[in-house]
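User: I am a first-year student and I want to learn how the labels on a structure are justified. Please show me one, and let me ask why each term applies.

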Amino acid sequence: MIEPGELRHRVEAVWPERPWLFAALLAGVGLALHFLLDGANDSGPRAAAAAFLAFAAGVFVFTAERGRLLTPAVFALATGAIVGGLTWRAVGAGNDLADGSYALAAAIFACLLAVPLFQADFHRLFFRTSYRDTHYFVWTDAITGAGTLAFLGLAWLLIWLVAALLGLVGIPLEDLLEEAWFAPTYCGLVLGAGLGTLRNQLRIIGTLQSVVLLVLSILALPLAIAIAVFLLAVLVSGPSVLWNATDSATPVLLSIAIAAFVLANAVIRDADEDTEGRAIFRWTGFALALGLLPLALFAAISTGLRVNQYGLSPERLWALASVAVAVAFSLAYFIDTLAGVRAGWRDRLRASNLRLAAGTAMFALLLALPILDFAAISTRDQLARLQSGEIAADEFDFAALRWNFGEPGRSALGRLARSADPAIRERAEAAQAMESRYSARPRPGEEPPEIVFQGGSAAERAAVRPYLIGNGIAYPDSVSTVLFAGRLGNPSGQHLILLRGEEAPSHFLLQDDGEVVQLRVDGGRLVRVEQSPRLPSAQEDDPTIEIRPFEGRQLYVEGEPVGDPFK
């Protein structure tokens with residue numbers, strides 16, 4: 001077993017080649033990222049490969065030591081594979097936050113928590129790992145990371161100044177800086193050199209760590225006073241004052257709780273002798289440790305009220321998971337502080353920190369993996385509220401199923417679009433036709449708009465109506481007239497639909513306030529053609545618009561082709 005002193009001596013050993021190796025490694029990764037992401041068009045495999053390279057390289061340069069490269073490389077590849085795989089899933093989900101983005105954030109959080117644990121040999125020692133070593137790596141990683149970013153900013157400032165200087169004598173260095181591949185490569189080069197240099201100075205940074213913790217300890221006192229005043233105000237006014245003051249009580253409370261946790265640990269340090277002679281700091285840490293629990297409980301109550309009012313959603317489930325972690329930490333701190341009030345409460349907190357960090361990393365990784373489907377859970381809850389009558393159809397957020405609940409939400413929306421209830425069916429069809437998450441009409445609480453059709457078959461009207469409502473073309477509190485015609489005209493205040501002739505019965509042109517959009521019927525619903533035709537700017541008030549054969553079908557305006565051919 002490696003003693004704490006031996007481990008620190010090992011990682012603080014100077015490795016002269018480290019800045020050069022790290023600079024070359026990260027410069028190569030930066031160049032690879034350029035080629036992977038340049039023109040990728042949200043490609044899942046490319047984004048996954050880029051995330052794998054970036055995260056694996058980042059973890060490796062923080063964990064690699066002189067003469068100890070294989071184990072850090074394996075750990076870096078494992079964390080990179082996790083982040084890369086979940087990046088692939090998140091990119092595949094597109095705009096569905098429920099399908100991957102939160103899971104990716106949880107995976108990154110879990111892997112970042114695992115880095116200092118790995119550096120302290122937790123993978124071999126488990127809960128016998130030295131807290132002093134773990135604490136040491138948390139703060140040295142944070143300080144070297146922040147210092148490297150500051151170095152990157154200075155390096156960019158320097159190279160722009162140098163480019164401006166050489167430009168005065170006709171040397172076009174600025175042209176090089178504007179090349180697409182240069183920025184990621186230069187960033188990797190600077191980050192590797194800066195981090196490698198700073199990691200060679202861990203012995204000095206250990207001293208700097210004490211200064212940083214002392215400054216944070218000073219900041220802990222006003223925060224402890226503010227929390228005491230806040231709790232006193234809530235005690236006097238009642239917790240309802242929180243919900244009346246803001247709709248975002250949970251993120252504010254959790255942010256303050258995180259700040260209190262960080263500053264409390266800055267106060268207690270990794271050994272009692274570090275706080276000798278600073279009684280006010282010790283009492284400040286004691287107060288912050290106790291103050292975490294009411295903050296976390298208020299956040300839990302706030303989240304519970306939102307869930308009770310609006311039901312479950314993927315975002316609220318992730319909020320519940322965050323609150324659960326906060327409550328676990330705050331409850332452990334509260335118990336440890338009171339149990340050790342006479343002696344040893346700081347040792348109890350240090351031991352709990354190690355257990356809680358490992359447990360939180362595992363919990364976050366569990367949530368990140370596609371085991372618990374928050375979208376499906378939320379969809380079932382929302383459908384149950386609608387079907388039980390707990391929420392009326394005109395108050396239900398159908399657009400959320402379309403955009404925020406992933407594939408389970410869209411599948412449920414398809415079932416609702418076939419509902420026997422006309423109010424549910426119409427709103428579900430309108431949500432299905434939405435082209436943007438911000439265009440939903442009617443919104444919850446709004447009455448459907450009135451649409452008057454002139455001409456067209458029942459099937460055509462059934463296809464057109466949801467599109468006009470779902471995309472905010474037909475507005476509530478107004479009457480929209482839809483005219484099916486053989487040509488586009490310019491009658492004021494009317495939405496004109498042009499049926500595209502007998503040879504293309506599934507295509508339409510929609511004229512709305514002078515704008516013309518090409519649409520087609522897909523599965524009984526209207527969808528916008530990606531490259532809708534644009535009429536030439538110089539037109540008569542009533543141009544001749546017709547369809548002519550052109551390797552399929554092509555739109556012509558005054559005899560000139562417009563847009564792409566269609567089948």
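User: What makes Phe363, Leu366, Leu369, Ile371 and Leu372 a nonpolar surface patch?

Analyst: This is a predicted model, and in it these five residues form a nonpolar patch of about 410 Å². To belong to a patch, a residue needs over 30% relative accessible area and no salt bridge, and nonpolar side chains are joined within 5 Å. Leu369 has 33% relative accessibility, so it passes the cut-off of over 30%.

User: Why is Leu369 called partly exposed, and where is it?

Analyst: Exposed needs over 50% and buried needs under 20%. The 33% of Leu369 falls in between, so the label is partly exposed. Leu369 sits in the loop between helix 15 (345–368) and helix 16 (374–387).

User: How many disulfides are there, and what would count as one?

Analyst: The count is 0. A disulfide is a covalent bond between the sulfur atoms of two cysteines. The rule asks for a pair of cysteine sulfur atoms within 2.5 Å, and the count by this rule is 0 disulfides.

User: Are Cys111 and Cys187 buried or partly exposed?

Analyst: Cys111 has a relative accessible area of 5%, which is under 20%, so Cys111 is buried. Cys187 has 22%, which is not under 20% and not over 50%, so Cys187 is partly exposed.

User: Why is the pair Glu12 and Arg203 called a salt bridge?

Analyst: Side chains of opposite charge can pair when their charged atoms come close. The cut-off from side-chain nitrogen to carboxyl oxygen is 4 Å. For Glu12 and Arg203 the N to O distance is 3.6 Å, so the pair qualifies. It links distant parts of the chain: Glu12 is in the loop between helix 1 (4–11) and helix 2 (18–37), while Arg203 is in helix 10 (residues 202–237), 191 residues apart.

User: Which label does each partner get, buried or exposed?

Analyst: Glu12 has 9% relative accessible area, under 20%, so Glu12 is buried. Arg203 has 52%, over 50%, so Arg203 is exposed.

User: How do you know that Arg68 and Asp121 form a salt bridge, and what does the pair tie together?

Analyst: Their N to O distance is 3.3 Å, which is within 4 Å, so the pair counts as a salt bridge. Arg68 lies in the loop between helix 3 (44–63) and helix 4 (70–92), and Asp121 in the loop between helix 5 (101–119) and helix 6 (122–125), so parts 53 residues apart in sequence are tied together. Arg68, with 17% relative accessible area, is buried, and Asp121, at 1%, is buried.

User: What about Asp141 and Arg199?

Analyst: They meet at 2.9 Å, N to O, so they too fall within the 4 Å cut-off. Asp141 is in helix 7 (residues 131–167) and Arg199 in helix 9 (residues 182–199), 58 residues apart. Both residues are buried.

User: Which residues are joined into one network by salt bridges that share partners?

Analyst: Arg10, Glu65, Arg68, Asp121 and Arg124 form that network. The structure holds 13 salt bridges.

User: What makes the phi of Asp121 and Arg269 worth pointing out?

Analyst: Most residues other than glycine have a negative phi. Asp121 has a positive phi, near 65°. Arg269 is not a glycine either, and its phi is positive at about 55°. Arg269 is in the loop between helix 12 (249–268) and helix 13 (279–310). Its relative accessibility is 8%, under 20%, so Arg269 is buried. Gly472, just after helix 20, takes a positive phi of about 70°.

User: How do you know that the span of helix 20 is close to the expected one?

Analyst: Helix 20 (residues 458–470) has 13 residues. The expected span is 1.5 Å times one less than the number of residues, which gives 18 Å. From first C-alpha to last, helix 20 reaches 19 Å, close to that value. Its buried residues include Glu460, Tyr467 and Leu468.

User: What is Val479 in contact with, leaving aside its neighbours within four places in sequence?

Analyst: Val479, in strand 2 (residues 479–485), is in contact with Glu450 and Val452. The label contact needs heavy atoms within 4.5 Å.

Technical notes:
Residues numbered from 1 in each chain as written. Predicted model: local features only at pLDDT ≥ 70, side-chain atom pairs only at ≥ 80, totals over all residues. Heavy atoms only, no water. Patch = residues over 30% accessible without salt bridge, like charges linked within 9 Å, V, L, I, M, F, W, Y side chains within 5 Å. Areas by Shrake-Rupley, 256 points an atom, 1.4 Å probe, with all protein chains shown as cover. Helix = DSSP H or I, 4+ residues; strand = E, 2+ residues; numbered from the N terminus. Buried < 20%, exposed > 50% of the residue type's maximum accessible area, 1.4 Å probe, protein only.
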